[in-house]
Amino acid sequence: THFRHLLRQPRMLELMLQVFASSSFLSDTLIKYPETLGWALDQRVVRRIRSTADIVNDLRDLGLSSAMSEKRQQLIRSQRRREVLRIGARDICLHEPLRTITAELSALAEAIIDVDLEAVWRELGASAEEVERFTLLAFGKQGGRELNYSSDVDLLGIWDDRDTDPADREELIALYSRALQQLRTDVASHTTDGYAYRLDFRLRPYGSAGPLVPSWSAATSYYRKKASDWEHQALIKVSPIAGNRELGREFILTLRPILIERFDSGSVKQTIARLRATAVSRLGKSLDIKDGEGGIRDIEFLVQGVQMTSAARLPSVLTGNTMEAIVRLVAAGHLSPEQGDALQKDYEWFRRIEHFLQMQDDRQVHSIPSGDEARERLARQMNGAGASVSEFLEDLSTRRQRTREAYLGFVGSTG
């Protein structure tokens, strides 16, 4: 019956073969869950953008918000596989724009974390008032709605201690800490179905030495008085993704004056240069398109550095999405149209490489493979069936050199 169905729909068969040729992880999903084929590759599904709300509704309909932890873990992983298959098919077969793919991957992670947190509150017996006092924010690519296929999700939980009875503090702190620990168990623990997302809470105030869930008062005081430039840089991308989102937006607005104060240009550039030098030194000889010289991080740090040094004059340049930030910086005159166009195109090209590498086995991979066969496959994925490895590597070298020169032009200047 399954094969007869495929033969009646040659376009679906074509999509399936493209998926098989591009990704072991997505192929395994089709093999393990063959029922997903008809849904994920249906023209009415594969050609449509699905929002966070769409996925939230699906998860609730499946009972995630009321399930116990073991069942939640199974539902989260199976639904992530199903949605990543659909998004991957849109990426591989329909060549959807990078911003569309990364926004959908971000919507998927947000929906899973949001609904699982609902279930955690129910399991812990939290009251409506206790739930309303908590917000969960994301840094990094999730915060900027530009997540990739296999990425850490950097989170910050904040609880509102304003107008709180001091006698209730310890009990509330314990509740919110248990909630985040359970969320990490549900989403990040490794099961027979793998993990869904690696959750990282180390970007919180004081890092691992600080409380898992800082209070509103403590967090705002920390960012105003003690945070380093790199922590202010991280705040550019923060956004609420679960819990009381209105509380999260209020927290961000409270900290916004920090981001539009006049940062010392030299200090910002020194911080960025130091962070990048440390990351590059750890790589050895691997051809890493994320952290290596002239890669994704050079563009991201360049963009964030220009945002920090120009936001005092024009706050509108502040946005957590890298590609949108480039557009705004060009419009504001802080990047030339030529610079902006090159950064946009190279960033998208590097991110597509990253996606193909990670899609292969659902692993956090950023290095160009060394084997001839793997390089040939990557060259074909990027440039088409007749692509040559030598042309691909030459293009890679040109783009990395151009990106590195742009980055050094920022950190090496004295403006």
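1. Let me start with the charges: a network of salt bridges joins R50, D58, R82, E83, R86, R90, E96 and E104. A salt bridge here is a side-chain nitrogen of Lys or Arg within 4 Å of a carboxyl oxygen of Asp or Glu. By this rule the count comes to 41 salt bridges.

2. A word on the basis of these remarks. This is a predicted model, in which local features need pLDDT of at least 70 and side-chain atom pairs count only at pLDDT 80 or more, while totals for chains, interfaces and linings use all residues. Residues are numbered from 1 along each chain as its sequence is written, and side-chain values use heavy atoms, with hydrogens and water left out.

3. Three individual salt bridges are worth a look. In the pair D200 and R202, the closest N and O atoms are 2.7 Å apart. D200 is buried at 11% relative accessibility, whereas R202 is exposed at 54%; buried means under 20% relative accessible area, exposed over 50%, and partly exposed in between (1.4 Å probe, protein chains only). D54 bridges to R48 with closest N and O atoms 3.1 Å apart, and R48 is partly exposed at 41%.

4. The third is D395 with R399, at 3.0 Å between the closest N and O atoms. Both sit in helix α20 (residues 389-411), 4 residues apart, which means a separation of about one helical turn. Helices are DSSP runs of H or I, at least four residues long, numbered from the N terminus. D395 is partly exposed at 24%, and R399 is buried at 15%.

5. On to the interior. The largest nonpolar core (buried Ala, Val, Leu, Ile, Met, Phe, Trp, Tyr and Cys residues joined through side-chain atoms within 4.5 Å) has 117 residues, and those with the most contacts inside it include I113, Y197 and F251. Helix α8 (residues 98-124) gives the most to this core, with 12 residues.

6. Y197 also meets a charge: R80 lies over the face of its ring, 5.2 Å from the ring centre. Such a charge has NZ of Lys or CZ of Arg within 6 Å of the ring centre and within 35 degrees of the ring normal. R162 is placed likewise over W216, at 3.7 Å.

7. Finally, the aromatic pairs, of which the whole structure has 9. The rings of W216 and F251 are edge-to-face because their centres are 5.5 Å apart and their planes at 70 degrees; rings of Phe, Tyr and Trp (its six-membered ring) pair if their centres lie within 6.5 Å, with planes under 30 degrees apart stacked, over 60 edge-to-face and the rest tilted. W216 and F251 are both buried.

Conventions
Helices (H or I, at least four residues) and strands (E, at least two) are DSSP runs, numbered from the N terminus.
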